[in-house]
Amino acid sequence: MAEPLLVVDRVSQRFGGLLAVDAASLSAPAGRITALIGPNGAGKTTLFAIISGFLKPSAGSIRFNGEEITGEPPHRLARRGIARTFQIVQPFAGLSVLENILVGAHLRHRARTVALAAAEQVGREIGLGDMLGRSADTLTVAGRKRLELARALATDPKLLLLDEVLAGLNPSEIRDFVPVIRGLCARGITILMIEHVMQAVMSLSEHVFVLAEGRIIAEGSPAMVAADAAVVEAYLGHGAAAKLGASHGL
Amino acid sequence: MKSVLPIVSVIAALAVVPLFVQSNVTLNFLVVTLLIALAGQGWNILGGYGGQYSFGHAAYFGTGAYVTAILQVRYGVNAWIGFAAGIAVGAAVGAIIGGLTFRSGLRGSYFALVTLAFAEVLRIVASVAPITGAGVGTLIKLDLRAQALQFQSRAAFYWLILALVALSLLIAWLLERSRFGAWLIAVRENEDAAMALGVDATVVKLGAMVLSAAITAAAGCFYAQYFLFIDAGIAYGTWISIEALLTPIIGGVGTVFGPLLGALVVKSLGEGAKLVAGDAPGLDLVVYGIVLVLVIWFAPRGLIGTVADARKWVLHRSSRSVREAGHG
Amino acid sequence: MLSPAILIPAILNGLLTGAVYALVALGLTLIYGVLHIINFAHGALLSVALFAAFFAYQALGLDPYLAIILLAPGFFAFGYGLQRFVIGPASHGDDRNMLLITLAIAIILENALLYAFRADTRTIDVPYAFETIDFGFTFLAVPRVIGFGAVFIVALLLWLIMGWTDIGKAIRAVAKEKLGAELVGIDVAHVYAVTFGLGTACVAIAACLLIPTYYLNPHVGNAFVLIAFTIVVLGGMGSVPGALVGGLVIGVIESLSGLILGESLGQIGIFLLFIAVLLVRPSGLFGARA
């Protein structure tokens with residue numbers, strides 16, 4: 001069997017005396033949606049920062065497409081086809097929506113006209129079609145999340161790292177957003193997502209990793225993980241297992 | 001800015017000025033204003049488009065001036081070649097300073113501090129090194145021939161600096177429409193986000209620094225040819241670092257015409273102050289400082305940016321009132 | 001090889017000069033520690049303070065050391081007003097704007113002095129300017145020894161203010177966690193202004209200590225401020241003990257490199273040290289990104 005597109009192999013990150021990530025291993029097979037969940041402060045965003053090159057891990061290795069990429073800077077990883085979104089959205093506030101997406105599109109297209117066309121197409125696809133001319137700082141939270149996604153998508157990635165793209169959205173906005181993510185997967189983009197909105201994790205992903213206190217404590221299908229009492233207790237606290245079981249049963 | 005037409009028309013309008021104005025005082029004023037606009041456009045590439053506020057652009061201005069002068073005076077090199085060499089060496093100094101600072105990840109206040117310190121080091125070195133004429137300065141021999149890059153008429157100098165300014169406007173215009181420019185602006189707006197989108201922030205900033213240094217160095221080269229004398233306090237003095245950043249910030253930071261407009265405003269105010277209070281050292285800089293505070297306070301995007309904002313606001317209001325009228 | 005007879009006085013004099021540098025740096029680091037901006041107007045404020053001390057002596061016959069009683073509160077008020085009514089509102093909370101505003105204030109003050117008093121260099125003649133104390137192995141100028149002692153008194157006072165007064169506690173709270181301080185009802189704009197005022201008062205005291213043995217002109221502050229920047233960077237941005245130790249170290253380095261390399265090159269030595277520190281250990285020394 002071919003190696004998964006992304007393999008994180010016993011990666012650790014130490015900040016002074018704090019071991020934020022402790023020999024965490026996970027993988028994201030090509031063409032699938034994989035989720036990374038865990039309680040607040042578990043080290044999920046740190047792990048993302050390592051995978052996307054913003055942090056150099058203290059130990060461990062990361063392979064992408066069969067190649068060793070540990071410690072490569074973010075821009076080179078983007079060139080390889082790894083794109084990410086930020087948990088706290090980072091728009092280029094002074095620029096228009098289209099200009100924001102254009103920055104991503106320029107990665108694969110040098111000529112401005114070609115890049116503009118590509119950016120516009122991505123913008124429409126993500127549902128920003130009628131906001132392309134607006135200044136990015138006038139967007140709503142949902143709009144900014146879409147922009148974050150559109151910009152990453154414009155780099156034409158093989159692997160998309162989504163850091164809580166659904167956080168802060170209301171239920172109807174989440175309902176609108178979920179099919180967009182599913183559509184990306186259908187186009188052949190591999191997705192690794194950090195998500196707090198459990199409903200979405202359950203409906204989107206086929207495989208879930210659970211990170212708690214820097215360690216991967218469980219993995220498996222959403223149903224399996226949700227049924228894992230240790231996970232549920234660690235992640236959601238007492239009494240949550242029953243609630244989750246009930247909502248999943250619907 | 002969509003078309004190149006505004007640049008062509010502004011330059012054309014400025015180009016005919018010497019046909020109507022014969023006064024040497026006026027032409028001299030305009031030459032100095034354009035010189036500052038050129039130095040300011042250099043700063044604007046790095047500071048305006050790239051968001052890296054340098055407090056030491058004198059380093060490039062002075063290097064351009066000294067290289068032009070020293071090559072002619074000490075090595076008998078042709079002035080035009082000296083001019084080109086001044087730009088090249090200025091760019092190289094930019095590459096060295098940029099390489100050191102950006103690789104160390106210096107941003108914001110620290111970048112401003114370190115650029116200031118580099119300019120000061122160069123000033124002190126120039127004030128003691130024999131090759132620069134140390135405290136005495138360097139005098140370029142009067143030789144009013146075109147091949148020596150000296151002209152009998154002020155108009156010729158005027159057209160030369162105008163051509164350089166035109167080129168710098170064109171560079172800014174092209175920057176706005178290029179991939180490099182898009183990346184540079186992205187780095188200014190949010191460096192992390194830009195890197196995540198595949199932008200090599202260090203290389204982009206370094207490129208901007210080199211381009212920026214080259215343009216400001218060109219202003220220094222021109223200064224040496226025009227005034228035929230430089231010393232450490234002129235070439236590497238804080239005055240040029242200040243004026244280079246003042247003009248784009250007042251005119252419109254990160255806009256094509258910002259430095260030119262800013263230079264016109266700043267220099268006119270300086271002259272105005274002299275008319276009112278007499279020519280005294282320091283007075284023009286006091287005025288510049290006050291204008292800088294007022295612009296940041298009340299028009300933080302500079303004159304051009306504020307006009308654009310106001311227009312957008314008016315358009316927005318009128319479109320809304322049209323919509324509301326439609327509903328009614 | 002330099003003999004100890006030259007070296008020891010050079011080191012001692014370096015320490016005495018360094019103490020005044022430390023005081024200037026103290027003001028800078030205090031402002032940085034709380035407002036997180038580098039105050040580019042610091043040098044110009046020192047020039048203004050030197051002129052104030054000069055005229056206090058010439059016009060009012062006020063001894064520089066007595067003038068501290070007048071100038072320290074006066075400059076505190078000036079600094080308070082600058083931050084509260086100019087720098088704060090004009091910069092719209094943007095760091096780059098704050099940088100530019102302090103630069104603009106530096107330009108205005110320095111050139112207003114130049115316009116009013118020309119570039120002439122002035123000195124005052126206090127009767128004790130050339131009195132020395134005999135330490136057996138060397139003589140040290142009385143005013144500089146007084147200055148040395150005064151700096152440590154000021155540092156002690158500052159430490160007491162920070163540790164034991166309500167405003168001191170508020171300043172420390174804002175420095176640590178601005179948002180949290182705001183939430184518990186601390187008036188951040190006021191705290192910022194008080195801090196800026198304290199930093200400016202440090203500069204005024206430094207001016208009074210300097211003037212008996214130093215000269216003044218409109219640009220004189222610049223020489224100090226880059227040295228003060230160096231000290232602050234060396235000692236750690238925002239660190240008060242760092243500023244004191246850094247000041248003494250830089251004073252000695254300057255004195256020795258001046259002895260060995262000559263005055264101009266000695267100055268370059270300071271700048272190169274400054275650049276090297278900034279380049280090599282930027283994040284280590286400042287923590288957060290600018």
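**Group meeting: a core residue, the sheets and the contacts of chain A**

Let me begin in chain C, where C:Ile68 has its place in helix H3, residues 64-91, helices and strands here being DSSP runs (H or I over at least four residues for a helix, E over at least two for a strand) that are numbered from the N terminus. Please keep in mind that this is a predicted model, in which local features need pLDDT of at least 70 and side-chain atom pairs count only at pLDDT 80 or more, while totals for chains, interfaces and linings use all residues. Residues are numbered from 1 along each chain as its sequence is written, and chains are lettered from A and ligands numbered from 1 in the order in which they are written.

Is C:Ile68 buried or exposed? C:Ile68 is buried, because 21 other C-beta atoms lie within 10 Å; the term asks for 20 or more such atoms within 10 Å of the residue's own, with 12 or fewer counting as exposed, anything in between as partly exposed, and the C-beta atoms placed from the backbone. Leaving aside residues up to four places away in sequence, C:Ile68 touches C:Ile205 and C:Cys208, where contact stands for C-beta atoms, placed from the backbone, within 7 Å. C:Ile68 and C:Ala201 are 133 residues apart in sequence, yet 9.3 Å apart in space from C-alpha to C-alpha.

C:Cys208 also appears among the residues that C:Ala53 touches, together with C:Pro64, C:Ala67, C:Leu71, C:Ala207 and C:Ile211, again not counting residues up to four places away in sequence. C:Ala53 and C:Ala49 have the most contacts inside the largest nonpolar core, which has 294 residues; such a core is a set of buried Ala, Val, Leu, Ile, Met, Phe, Trp, Tyr and Cys residues joined through C-beta atoms within 7 Å. Helix H10 of chain B, residues 201-227, gives the most to this core, with 17 residues. In chain A, domain 1 (6-81 + 158-249) and domain 2 (91-156) both give residues to this core, so it lies between them.

Turning to those two domains, whose bounds come from an automatic or database domain assignment, their centres, taken over C-alpha atoms, are separated by 25 Å. Nine residues from domain 1 of chain A and 11 residues from domain 2 of chain A take part in the contact. On the side of domain 1 that touches domain 2, helix H2 (74-80) and helix H6 (171-186) of chain A are the elements giving two or more residues, and H6(A) gives the most, with three residues.

H2(A) returns at the contact between chains, where 21 residues of chain A meet 18 residues of chain B. The largest share of the chain A side, four residues, comes from H2(A).

Finally, the sheets of chain A, in which two strands pair if DSSP finds at least two bridges between them. An open sheet of six strands, with mixed pairing, has the order S6-S7-S8-S3-S9-S10, and its edge strands, S6 (82-84) and S10 (215-220), each pair on one side only. Within this sheet, strand S3 (residues 33-37) and strand S8 (residues 190-194) run parallel and are joined by four bridges, with A:Leu36 standing opposite A:Ile194 in S8(A). An open sheet of four strands has the order S2-S1-S4-S5, with antiparallel pairing; strand S1 (residues 6-15) of chain A pairs with S2(A) over seven bridges, and the bridge partner of A:Val8 in S2(A) is A:Leu26.

Definitions and conventions: Contact = placed C-beta atoms within 7 Å.
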